[in-house]
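Please find below a short note on the structure, set out for a reader who is new to such models. The points move from the fold as a whole to one feature of the surface.

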Amino acid sequence: MAFSSSRSSSCVLNKLRLCQRSISAKASSSPKDKDRERLMFDSEKDLTSGISRPLSEILKELNKKVPDSLIKFRHEPNGFSIKYIPWHIVNRIMNLHAPEWSGEVRSVTYSSDGKSVSVVYRVTIYGTDAEIYRESTGTASVDDPGYGDPVQKAEGMAFRRACARFGLGLHLYHEDMS
């Protein structure tokens, strides 16, 4: 169960360049067509701006505060409210700031009494200078009536926590301490 953004940035660049050449070949020499070519070139820069960056730049972006509009609340049975970032939002943030990342489930373990399941998840970020990974765990009750199966819930929790070890959404863990 591995999720990954495209590891082959050169493949993406080659496809963009091929598309650009195709459009350029069809274009005449009018000023309007020259503007279109320049726009295509600028678009290529924008699409690949996050690819092949040093880890320090990627980590700097991941450590920024996540906008409040992306944060959700979950109310626990004990009366506490917990702030969290849904896994699909974390996934999009990772794709934006660390497009060459990968994730994988390392293990799935059921408790001896069968009442809970724990998942270990690893997230790896690839930079131009190095690659680093962080792992974390997530545990879910088998009897939890909420949406999704217990393994899915534990995986989402472990994924979010592994990303937090890179700094993504880490501010949520420290808000109550200030």
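The numbered points below describe the fold, the surface and the largest pocket.

1. The structure is a predicted model, and every value in this note should be read as computed from that model.

2. The protein chain contains 6 helices and 6 strands. Along the sequence these elements are arranged as β-α-α-α-β-β-α-β-β-β-α-α. The pattern thus begins with a strand and ends with two helices.

3. Contacts between residues at a separation of 6 or more give a view of how the chain is folded together. In the protein chain, 57% of these contacts join residues 24 or more positions apart.

4. Of the 178 residues in the protein chain, 34% are buried, that is, under 20% relative accessible area. The area that the chain exposes is about 11400 Å², and carbon and sulfur atoms supply 54% of that area.

5. The largest pocket holds about 580 Å³ of space, and its lining consists of 18 residues. Nearest to the centre of this pocket lie Arg 74, Tyr 84, Tyr 147, Lys 153 and Arg 160.

6. Which element gives the most to the lining of the largest pocket? That element is α5, with 6 residues. The helix α5 spans residues 150-164. The helix α4 (87-97) and the strand β6 (131-141) also each supply at least two lining residues.

7. By class, the lining of the largest pocket comprises 7 nonpolar, 7 polar and 4 charged residues.

Technical notes:
Residues numbered from 1 in each chain as written. Predicted model: local features only at pLDDT ≥ 70, side-chain atom pairs only at ≥ 80, totals over all residues. Heavy atoms only, no water. Helix = DSSP H or I, 4+ residues; strand = E, 2+ residues; numbered from the N terminus. Buried < 20%, exposed > 50% of the residue type's maximum accessible area, 1.4 Å probe, protein only. Contact = heavy atoms within 4.5 Å. Areas by Shrake-Rupley, 256 points an atom, 1.4 Å probe, with all protein chains shown as cover. 1 Å grid on protein atoms, 1.4 Å probe; cavity = no way out; pocket = protein on both sides within 12 Å on 5 of 7 lines; lining within 4 Å. Points joined across faces, edges and corners; volume = space filled by probe spheres on them. Nonpolar A, V, L, I, M, F, W, Y, C, P; charged D, E, K, R; others polar.
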